[in-house]
Amino acid sequence: MASSSDSADTQAKPSKSSDYKTPGLRGIRTTNLFRAVNPELFIKPNKTVMALGLLSITVCVGYIAYLNATSENKRELYEAIDSEGTRSMRRKTSKWD
């Protein structure tokens, strides 16, 4: 009798591995369109791709900042020619100064 009640208890309680639910939205029923539009919700993060993306964005922002800094320096200087014909670089000044 004791052995029959033990087997009934094990059948009534599901095992821990079958009780485990997948995290996020992987366990929810969704349409293929939703999965195609939002793949980041269903794909495991890839650290290598994430690092390469972060590096490329950082390089792009740095390059744009470099171009902006060098173009500002070029805008403030201009090449002036004196009455004697000598060329010299001068900083732009405002007529209000």
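**Asking why: a hairpin and a helix**

Me: What makes the hairpin here, and which turn residue has a positive phi?
Reply: Strands β1 and β2 form the hairpin, with five residues between them. Gly85 in the turn has a positive phi of about 95 degrees. This is a predicted model: local features need pLDDT of at least 70, side-chain atom pairs need 80 or more, and totals for chains, interfaces and linings use all residues. Residues are numbered from 1 along each chain as its sequence is written, and side-chain values use heavy atoms, without hydrogens and water.

Me: How do you know that β1 and β2 pair?
Reply: Two strands pair if DSSP finds at least two bridges between them. Here five bridges join β1 (residues 77–81) to β2 (residues 87–91), so the rule is met. The two strands run antiparallel. Among the partners, Glu79 is matched with Met89, and Ile81 with Arg87.

Me: Why is the contact of Arg87 with Glu79 called a salt bridge?
Reply: The rule asks for a side-chain nitrogen of Lys or Arg within 4 Å of a carboxyl oxygen of Asp or Glu. The closest N and O atoms of Arg87 and Glu79 are 3.5 Å apart, so the pair qualifies. By this rule the count is one.

Me: Why is Arg87 called exposed, and what is Glu79 called?
Reply: Buried means under 20% relative accessible area, exposed over 50%, and partly exposed in between (1.4 Å probe, protein chains only). Arg87 has 64%, so it is exposed. Glu79 has 46%, so it counts as partly exposed.

Me: How many of the five residues of β2 are buried?
Reply: The number is zero, so β2 lies largely in the open. Of the 97 residues of the chain, 3% count as buried.

Me: How many helices and strands does the chain have, and what makes a run count?
Reply: There are four helices and two strands. Both are DSSP runs, numbered from the N terminus: helices are H or I with at least four residues, strands are E with at least two. The order is α-α-α-α-β-β.

Me: What makes Leu52, Leu55 and Val59 a patch?
Reply: Patch residues have over 30% relative accessible area and no salt bridge; nonpolar side chains (Val, Leu, Ile, Met, Phe, Trp, Tyr) are joined within 5 Å, like charges within 9 Å. These three form a nonpolar patch of about 300 Å² accessible area together (Shrake-Rupley method, 1.4 Å probe, only the protein chains shown as cover for residues). Val59 lies in helix α4 (residues 47–76).
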